Amino acid sequence: MSCWRKDSDECWGTDGDDDGERTVDSNDAPRMRKTSSQVDYYSQDTVDTTHLQHVAAVAARRALTQDGDYLVLALVGLPARGKSFIGAKLRSFLAWRGLECQVFNAGQRRRAASDDSLEKNLRSPHSHAAFFDNANKDAAARRESIAMDTLDSLFDYLESGEGEVGIFDATNSTRQRRKAILDRVKRRFEGTGKACGVVFIETICTDPYVLHSNMLVKVRNSPDFAGLDEATALADLRRRNAHYESAYEPLSDSEGASYITIYNFSSKVTCSLCFGRITRVVLPFLLAIHVDERPIYLVALAPRGISTSGRTTREAEYRKAVAAAEDAEKDLALRLRAWCASAKEPPLHVFCSASIRARAVAGALDVEASYTAALDPFVKEGRRDAHRDLADRLEPVIIDIEGSVAPTLVITHATPARALLAYMHNRPRVRVVDETATTEAPRTLAGADAAVIEVR
């Protein structure tokens with residue numbers, strides 16, 4: 001399966017005539033074509049762009065939007081800038097979309113290099129700030145070796161037939177390291193008949209508050225700082241940062257590589273030499289994610305289960321069933337309103353199905369809802385590609401949810417709710433959507449006493 005399909009970027013070609021103004025069709029009937037000098041720029045006519053075919057930028061785009069068998073997303077950034085956070089989020093999102101994807105973390109391999117320390121629950125000597133001092137040539141060579149071994153493991157995963165996208169989680173903070181990555185990719189896949197693309201994703205953090213928060217998360221959770229009190233761990237991490245900062249080289253166009261740079265997890269982004277699905281899928285997702293914590297609540301309307309077969313002969317029974325279902329939904333709306341009023345963090349953003357039933361429930365709330373047909377009931381109808389269709393439909397919803405910075409409530413129906421739950425809990429989308437009501441996730445969603453569940 002091809003991960004990244006080519007865009008249809010075509011330029012006008014010449015028709016073989018000398019003056020570029022007169023052509024002949026298969027019936028030898030002459031016809032005239034306007035050149036750029038004859039076409040009003042603001043008219044609706046097509047402008048001749050033949051002269052652009054050999055422009056370097058157009059040629060680069062044509063090369064970069066070719067089909068690729070594999071993709072390497074190489075993270076770039078100083079310690080405590082959110083690289084691992086971005087890598088984990090991307091892996092979950094791409095895997096949920098149906099791509100085989102894994103993260104390969106150089107730090108984990110570095111820590112594993114000191115097995116004795118790990119077995120004794122001691123701090124690895126490869127975790128001390130001195131190990132990251134560029135003046136220590138032996139340590140620098142060891143770090144480079146660990147990084148390249150990690151990259152080779154990523155290649156093995158791709159070539160095993162099990163992987164399509166590999167995320168390389170390392171600092172990759174110098175031009176020399178990034179060139180080494182590109183060269184290694186070229187050598188590994190050259191002559192194999194397989195194409196492997198590389199996109200660097202850099203995260204730059206200059207906001208003191210965000211940086212301090214990231215550092216606290218790192219020292220409190222990373223095995224690199226096991227056994228240290230918080231103040232000592234922070235001091236060690238700052239020394240490590242200083243070593244990296246002394247040699248750090250931000251990504252630039254002069255490297256000739258495809259890259260995306262994110263600043264402070266905000267809407268400021270630099271994107272260079274990225275086309276196709278990178279810009280349609282990965283870039284919008286990167287713009288949406290952030291580190292602010294907020295609850296996300298999910299409500300699933302249970303299927304009514306009312307059959308219309310034999311409705312003519314059983315009209316009274318049918319109307320009775322519909323009335324009962326409507327009463328149940330009115331009760332749900334009232335309970336949801338009461339829950340919002342008493343919740344510790346009541347929802348301030350509401351994303352709701354555009355169905356009449358869901359609108360009736362959302363209408364009882366004091367918060368204005370955003371309605372979308374993407375959250376409407378979904379029927380598979382026996383199609384093999386139904387899960388793909390569902391993911392395509394829900395992808396903009398996930399990006400909206402990720403971009404929300406306030407407590408968020410989603411009101412939807414059973415199948416979309418299960419697919420969203422799969423993403424939030426990092427579970428296989430297909431398996432969750434196909435689960436019966438006897439399993440935990442769907443049963444929770446359908447339970448009358450658990451109309452609202454917090455999924456993050």
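A nonpolar core is a set of buried Ala, Val, Leu, Ile, Met, Phe, Trp, Tyr and Cys residues joined through side-chain atoms within 4.5 Å; buried means under 20% relative accessible area, exposed over 50% and partly exposed in between (1.4 Å probe, protein chains only). Everything below comes from a predicted model, in which local features need pLDDT of at least 70 and side-chain atom pairs count only at pLDDT 80 or more, while totals for chains, interfaces and linings use all residues. Residues are numbered from 1 along each chain as its sequence is written, and side-chain values use heavy atoms, leaving out hydrogens and water.

**View A. Two nonpolar cores.** The largest core has 49 residues, of which L73, I86, L90, L94, I201 and L286 touch the most other members. Take L286 as a starting point: setting aside residues up to four places away in sequence, L286 is in contact (heavy atoms within 4.5 Å) with I86, L90, I201, I260 and I262. A second, separate core has 31 residues, including V72, F132, L158 and I204. As background, nonpolar side chains tend to be buried together in soluble globular proteins.

**View B. An edge-to-face aromatic pair.** Rings of Phe, Tyr and Trp (its six-membered ring) pair if their centres lie within 6.5 Å; planes under 30 degrees apart count as stacked, over 60 as edge-to-face and the rest as tilted. The structure holds ten such pairs. In this one, the ring centres of F93 and Y423 are 6.4 Å apart and the planes lie at 85°, so the pair is edge-to-face. F93 sits in helix α2 (residues 83-96) and Y423 in helix α13 (residues 414-424), linking parts of the chain 330 residues apart; helices (H or I, at least four residues) and strands (E, at least two) are DSSP runs, numbered from the N terminus. Both partners are buried, F93 with a relative accessible area of 0% and Y423 with 4%. Look around them for W96 and F285, which join F93 and Y423 in one aromatic cluster.

**View C. A tilted aromatic pair.** Here F104 meets Y157, with ring centres 5.5 Å apart and planes at 50°, so the pair is tilted. F104 belongs to strand β4 (residues 101-105) and Y157 to helix α5 (residues 137-159), so parts 53 residues apart in sequence are tied together. F104 is buried at 12% relative accessible area, and Y157 is buried at 8%.

**View D. Helix α5 from end to end.** The expected span of a helix is 1.5 Å times one less than its number of residues. For the 23 residues of α5 that should be 33 Å, and the end C-alpha atoms are indeed 33 Å apart, which agrees. Buried residues of α5 include R143, T150, L154 and L158. After the helix comes G161, whose phi is positive, near 90°.

**View E. T203 and its surroundings.** T203 has its place in strand β6 (residues 196-204) and is buried, with a relative accessible area of 3%. Its side chain reaches the backbone oxygen of R81 at 2.9 Å. Leaving aside residues up to four places away in sequence, T203 touches V76, G77, R81, G82, K83, I86, I262 and F265.

**View F. L237 in helix α8.** L237 lies in helix α8 (residues 230-245) and is buried, with a relative accessible area of 0%. Beyond residues up to four places away in sequence, L237 touches P79, A80, M215, K218, V219 and F225.

Definitions and conventions. A polar contact is a pair of N or O atoms within 3.5 Å; within protein, one must be able to donate a hydrogen and the other to accept it, and residues adjacent in sequence count only if both atoms are side-chain atoms.
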